Amino acid sequence: MTNESDVPSSDLEALFRPSAIAVIGASANSAKIGHILVHHILHSGYDGAVYPINPKEDEILGLDVYENVADTPTAVDVAIIAVPARFVVDVVEECGEAGVKFLIIVTSGFGEVGDLSTERRIVETAHQYGTRVLGPNIFGIYSAAANLNATFGPAEIIPGNIGLISQSGALGIALMGKTVTEGLGLSAIISVGNKSDLSEVELLDHLTTDDATKSILIYMEGTKDGHRLAETVTKIEERKPIVIIKSGRSAVGAKAAASHTGSLAGSDRVFDSAFRQIGMLRADGINEAFNWMRAFSTQPLPEGENVVIITNGGGVGVMAADACERHHLMLLDDTQRLEKIFRDSVPEFGSTRNPVDITGQADSDAYARALDAALSEERIHAVIGLYCETATVDAESLTAGIAEIVSEYDGVKPVVFSMIGGEKAAQMMGLLNDRSIPAYSSPEEAVSSLGALYQHWRYKRESDLGITIEDGPSFDMETIEAVIHRARAEERVQLLETEAKEVLTAAGLTMPQSRLAHSLVESVEAAESIGYPVVMKVVSPDIVHKTESGGVKLNLLDEQEVVDAYRSIMATCRERFPAAHIVGVTVNEMVNVQKGMETIVGGLTDPAFGPVVMFGLGGIYVEILKDVSFRVAPISQSKALKMVREIRSFPMLYGARGKKIKDIRAAAEAIYRVSYLMTRIDEIAELDINPLIVMKRGKGCKVLDARITLHTQ
Ligand code: ACO
């Protein structure tokens with residue numbers, strides 16, 4: 001990769017609206033990719049200049065052919081390269097010399113098969129001329145704004161408002177095909193392949209400002225650019241729905257099994273949390289993503305929480321209600337109001353409660369009446385319509401009725417449908433979808449899609465989304481740097497516990513009082529000044545597992561116990577580690593753990609997102625229940641507070657089972673400070689505060705033990 005300062009402009013306008021395109025490797029042979037590309041470009045109605053480049057041919061698909069990109073009659077904005085890998089670097093040079101702005105390199109056979117050096121040469125060569133590179137190893141791009149299908153995927157694409165970015169070539173082509181069969185319209189498709197230069201970050205940035213794009217779908221396998229992605233999405237002013245399909249969930253199990261924070265780096269948990277932090281919606285798979293895109297591309301966002309279910313079947317109504325709970329949708333439950341709204345649409349033996357059951361006998365008119373009542377009522381903000389196939393209803397008149405009512409209230413509130421049954425239901429679903437009314441084959445899918453609209457609506461209202469871009473707390477940087485310098489000088493990546501605590505103290509965290517004593521007399525003096533009970537711990541760079549080595553004594557109540565403990569620690573450690581350099585002992589304030597709550601605050605360097613912080617309750621909560629929350633650092637105090645509230649075991653901190661409520665704000669402050677420590681000191685690979693004891697409200701929290709590991713140099 002070249003330096004960021006060498007990277008040319010990232011204005012992608014000419015990539016999506018080129019005035020002239022060259023296809024290098026264009027072929028007269030209709031089976032070749034170079035032929036299909038020219039065909040699709042012409043077929044899609046692109047009205048700019050198209051220049052096939054081929055050294056042997058005179059004419060391809062009725063177009064004049066040029067021997068070299070330098071020979072074209074007008075300047076080329078975009079050159080699509082489809083020549084074998086061994087020619088690509090030379091072709092890139094020629095394009096650079098000819099002033100081509102963007103290269104779309106279709107050719108495979110670079111980084112993905114281990115040839116990173118040629119890939120780097122491609123980018124370096126292009127950047128010398130101010131040219132940007134998409135690919136290599138991609139299927140091309142589609143841009144509805146330019147009527148341009150410069151891909152070798154399907155020839156027919158429905159223009160619309162969904163932007164699609166795919167890291168996988170084969171799956172990207174498949175997704176393109178699926179948008180056609182599902183009747184979903186696209187504003188753009190971009191295959192990013194090896195991401196040698198342009199990655200999903202720049203493309204996402206472009207699509208979020210592109211007026212034709214209403215929502216964005218990304219398929220991602222992995223990224224090294226997570227932090228830049230988070231920064232970019234944080235800065236985006238207009239929040240469009242961004243749905244992501246990210247493969248690799250199953251890695252969680254293995255990764256999360258280890259209890260220390262660093263082992264979670266690169267894990268799916270981090271991805272999941274990061275996506276939520278920056279307001280991206282993660283779909284479970286292709287079907288769910290397409291379901292959501294259908295809703296986003298046709299429906300407005302809700303303007304309030306009240307959802308109503310209208311159904312002709314009690315059972316599916318209950319299923320939908322269950323799904324609503326899972327997707328955090330709130331069903332309007334004001335029975336009197338519901339009765340007033342729906343009494344004219346529901347028969348005696350039906351129910352005006354929510355789900356509103358118009359019963360299996362309901363005909364098209366009854367369904368339309370109920371729908372009309374829901375859509376016209378201001379206090380209802382979203383409607384889920386369910387229909388179980390019955391012999392009494394004529395499918396066509398019902399869909400026509402639904403379509404008429406929905407179009408009357410077009411854009412007022414989101415409406416989703418589920419048509420459950422056989423052929424007739426499938427036919428109705430198709431008819432509704434053709435009219436841009438989202439209809440699904442199961443109640444769960446309809447609810448999940450409305451759930452996605454609601455989630456995005458909540459993201460939009462959240463003021464604190466994304467990573468935090470503010471100055472943060474002030475630290476004693478001199479002390480922190482001195483500690484790290486000392487460890488580096490001694491070629492250690494593991495800081496001593498005392499050093500780790502020095503760093504954390506310099507970052508503003510609170511330790512129990514602690515004094516270093518070099519002798520028995522100093523130990524007693526230290527204990528007297530701290531106040532009993534105290535804890536005594538050996539200090540030696542050569543003794544790592546202090547407790548197991550007899551180097552720790554707890555709950556020392558008076559002078560005599562301090563004297564005995566000191567003698568015992570020295571004797572045992574000298575006996576077990578005769579060669580160890582023993583500096584002395586620390587005498588520490590004994591924190592009453594019973595009165596507080598054991599928590600863990602961690603920091604790690606994630607390969608995708610960079611510095612990340614973690615919070616959870618200690619012991620089984622982390623180790624067995626994996627009940628932890630993550631954020632990409634740095635974060636504000638309010639985000640840290642949300643992290644604390646987010647864990648399932650939060651009630652334990654909030655006074656569950658008659659316990660005193662704990663100092664939650666102090667815990668959040670500690671996480672906030674660790675997030676800035678991880679961001680500012682990039683030498684820290686991993687940090688574990690385990691435990692951080694959170695005392696009762698107003699009493700703060702204290703670091704009992706801490707480990708800091710530096711990156712190996
Ligand atoms: N300038 C112009 N034309 C040239 C040059 C050049 N420097 N060098 C060769 N050509 C011409 C060739 O003469 C040929 O034209 P012809 O048919 O008239 O002889 C044309 O370019 C193509 O060259 P071929 O050697 O025939 O190569 P072919 O078309 O078989 O393969 C390709 C080229 C498609 C780029 C191949 O090397 C490749 O990388 N394939 C994989 C593409 C891919 O899958 N990309 C990822 C997409 S996503 C997914 O996974 C689905």
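Select D564 to begin, a residue that is partly exposed, with a relative accessible area of 42%. The model on the screen is a predicted one, and D564 is found in helix 20, which runs over residues 559-576. With D564 still highlighted, add L332 to the selection: the two residues are 232 residues apart in sequence, and their C-alpha atoms stand 69 Å apart in space.

**The whole chain**

Now zoom out until the whole chain is in view, and colour it by secondary structure, which gives 24 helices and 30 strands. The C-alpha atoms fill a box of roughly 95 × 80 × 35 Å when the box is taken along the principal axes. Of the 713 residues in the chain, 57% are buried, and the accessible surface comes to about 30,100 Å², with 48% of that surface belonging to carbon and sulfur atoms. If you display contacts between residues with a separation of 6 or more, 73% of them are made by residues 24 or more positions apart.

**The ligand and its shell**

Select the ligand next, together with the residues around it. Which residues come nearest to the ligand? Of the 25 residues around the ligand, the nearest are S27, K32, N54, K56 and S108. Start with S27, where a polar side-chain atom lies 2.7 Å from an oxygen atom of the ligand. Then turn to the backbone, where a polar atom of V106 is 2.9 Å from a nitrogen atom of the ligand, and where a polar backbone atom of S108 is 2.8 Å from an oxygen atom of the ligand. Taken alone the ligand exposes 1,000 Å², and the protein buries 72% of that area. Helix 3 (85-97) and helix 5 (169-181) are the elements that give two or more residues to this shell, and helix 5 provides the largest share, 3 residues. Coloured by class, the shell around the ligand shows 15 nonpolar, 7 polar and 3 charged residues.

**Helix 7 and its cover**

Move on to helix 7, residues 226-235, which is mostly covered, with 7 of its 10 residues buried. To see them, select G226, H227, L229, A230, T232, V233 and T234, which are the buried residues of this helix. What covers these buried residues? Show helix 6 (200-209), strand 12 (215-220), strand 13 (242-246), strand 26 (610-617) and strand 27 (628-632), which are included in the cover.

**Helix 10 and the loop after it**

Select helix 10, residues 286-298, whose 13 residues reach 18 Å from the first C-alpha to the last, close to the 18 Å expected at 1.5 Å a residue. Among the buried residues of helix 10 are F290, W292, M293, R294 and F296. Continue to Q299, which sits in the loop between helix 10 and strand 15 (306-311). Is Q299 buried or exposed? Q299 has a relative accessible area of 8%, and therefore counts as buried, the cut-off for buried being under 20%. Its side chain makes a polar contact of 3.4 Å with the side chain of T298, and a polar atom of the Q299 side chain also lies 2.9 Å from the backbone nitrogen of V415. Leaving aside residues up to four places away in sequence, Q299 touches K214, K413, P414, V415, S436, P438 and L453.

**Backbone details**

One of the residues touched by Q299 is S436, so it is a convenient next selection, placed in the loop between helix 15 (423-434) and strand 20 (439-440). S436 is partly exposed, with a relative accessible area of 42%, and its phi is near 60 degrees, a positive value in a residue other than glycine. A second residue to select is H328, also not a glycine, which has a positive phi of about 60 degrees and lies in the loop between helix 11 (314-326) and strand 16 (330-331). At 57% relative accessibility, H328 counts as exposed.

Most residues other than glycine have a negative phi, and most peptide bonds are trans. With that in mind, select G135 and P136, which are joined by a cis peptide bond with omega at about 0 degrees; P136 is in the loop between strand 7 (132-134) and strand 8 (140-143). The last stop is the peptide bond from A633 to P634, which is cis with omega near 0 degrees, and P634 is found in the loop between strand 27 and helix 22 (637-646).

Conventions:
Residues numbered from 1 in each chain as written. Predicted model: local features only at pLDDT ≥ 70, side-chain atom pairs only at ≥ 80, totals over all residues. Heavy atoms only, no water. Helix = DSSP H or I, 4+ residues; strand = E, 2+ residues; numbered from the N terminus. Expected span 1.5 Å × (residues − 1). Buried < 20%, exposed > 50% of the residue type's maximum accessible area, 1.4 Å probe, protein only. Polar contact = N/O pair within 3.5 Å; in protein donor to acceptor, adjacent residues only side chain to side chain. Contact = heavy atoms within 4.5 Å. Near = heavy atom within 4 Å. Areas by Shrake-Rupley, 256 points an atom, 1.4 Å probe, with all protein chains shown as cover. Nonpolar A, V, L, I, M, F, W, Y, C, P; charged D, E, K, R; others polar.
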